Amino acid sequence: IDGIISELGITEGNDATVGCYARIIESLFFVAQALRVLRWSRLSDRIGRKPVLIIGLSGACISILYFGFSTTFLGLVIRCVFISRRCAMLTC
């Protein structure tokens with residue numbers, strides 16, 4: 001994530017703040033994942049684990065592609081939250 005933030009020029013050349021922006025994105029990932037894991041658990045109890053894994057992994061793959069094509073910090077944050085919401089099913 002540090003490399004992506006540096007390449008996008010979010011810090012405007014200030015390498016000391018790259019870590020701060022990277023930690024914001026990583027923290028949001030885990031918060032969103034924690035908020036979503038119970039919903040995935042209930043859904044897997046209702047329809048089964050295999051369909052939930054297929055739905056979650058498909059969504060995560062698409063979200064990761066969009067994350068790689070982000071060009072702004074806000075885009076990175078939004079895509080990171082979407083990825084974590086899809087990956088929360090892996091912790092069920």
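**Core, aromatic pairs and serine contacts of a four-helix model**

The largest nonpolar core holds 13 residues, of which Ile-5, Ile-25 and Leu-76 touch the most other members. Helix 2, helix 3 (49–68) and helix 4 are the elements that give two or more residues to this core. The most comes from helix 4, with five residues. The structure is a predicted model.

Ile-5 has contacts with both of the other residues just named, Ile-25 and Leu-76. Beyond the four nearest places in sequence, Ile-5 also touches Ile-10, Thr-11, Val-18, Tyr-21 and Ala-22.

The overall fold is helical. The protein has four helices and zero strands. Along the sequence the pattern reads α-α-α-α. The C-alpha atoms fill a box of roughly 50 × 20 × 15 Å along the principal axes. Of the 92 residues, 32% count as buried. The accessible surface amounts to about 5900 Å². Carbon and sulfur atoms account for 64% of that surface. Contacts were also examined by sequence separation. Among those between residues at least 6 apart, 63% join residues at least 24 apart.

Two residue pairs illustrate separation in sequence and in space. Ser-6 and Thr-17 are 11 residues apart in sequence, with C-alpha atoms 9.6 Å apart. Ser-6 lies in helix 1 (residues 2–8). Ser-6 is partly exposed because its relative accessibility of 39% falls between the limits of 20% and 50%. Asp-45 and Ile-10 are 35 residues apart in sequence, and their C-alpha atoms lie 42 Å apart. Asp-45 is found in helix 2. The relative accessible area of Asp-45 is 64%, over the 50% limit, so this residue counts as exposed.

Aromatic rings were considered next. A pair of aromatic rings is described by the distance of the centres and the angle of the planes. A search of the whole structure finds two such pairs. In one of them, the rings of Tyr-21 and Phe-73 have centres 5.0 Å apart and planes at 75°. That angle is over 60 degrees, so the pair is edge-to-face. The pair links distant parts of the chain. Tyr-21 belongs to helix 2 (residues 18–47) and Phe-73 to helix 4 (residues 73–87), 52 residues apart. Tyr-21 is partly exposed, with a relative accessible area of 27%. Tyr-21 is also among the residues touched by Ile-5.

Phe-29 and Phe-30 form an aromatic pair as well. Their ring centres are 5.2 Å apart, and the angle between the planes is 85°. This pair is likewise edge-to-face. Phe-30 is exposed because its relative accessible area, 55%, is over 50%.

Two buried serines have polar contacts with backbone oxygens. Ser-44 is placed in helix 2. Its relative accessibility is 6%, under the 20% limit, so Ser-44 counts as buried. The side chain of Ser-44 reaches the backbone oxygen of Ser-41 at 2.9 Å. Leaving aside residues up to four places away in sequence, Ser-44 touches Arg-49 and Val-52.

Ser-70 lies in the loop between helix 3 and helix 4. At 7% relative accessibility, Ser-70 also counts as buried. A polar atom of the Ser-70 side chain lies 3.2 Å from the backbone oxygen of Tyr-66. Ser-70 touches Leu-8, Gly-75, Leu-76 and Arg-79, again without residues up to four places away in sequence. Of these, Leu-76 is one of the core residues that touch the most other members.

An annotation was compared with the model. In the unreviewed UniProt entry, the annotation "transmembrane region" covers residues 52–78. In the model, this span is 85% helix and 0% strand. The C-alpha atoms at its ends lie 22 Å apart.

Methods
Residues numbered from 1 in each chain as written. Predicted model: local features only at pLDDT ≥ 70, side-chain atom pairs only at ≥ 80, totals over all residues. Heavy atoms only, no water. Phe/Tyr/Trp six-rings, centres within 6.5 Å; stacked < 30°, edge-to-face > 60°. Buried < 20%, exposed > 50% of the residue type's maximum accessible area, 1.4 Å probe, protein only. UniProt positions renumbered as here; feature names shortened; annotations may be inferred. Polar contact = N/O pair within 3.5 Å; in protein donor to acceptor, adjacent residues only side chain to side chain. Contact = heavy atoms within 4.5 Å. Areas by Shrake-Rupley, 256 points an atom, 1.4 Å probe, with all protein chains shown as cover. Core = buried A, V, L, I, M, F, W, Y, C linked by side-chain atoms within 4.5 Å.
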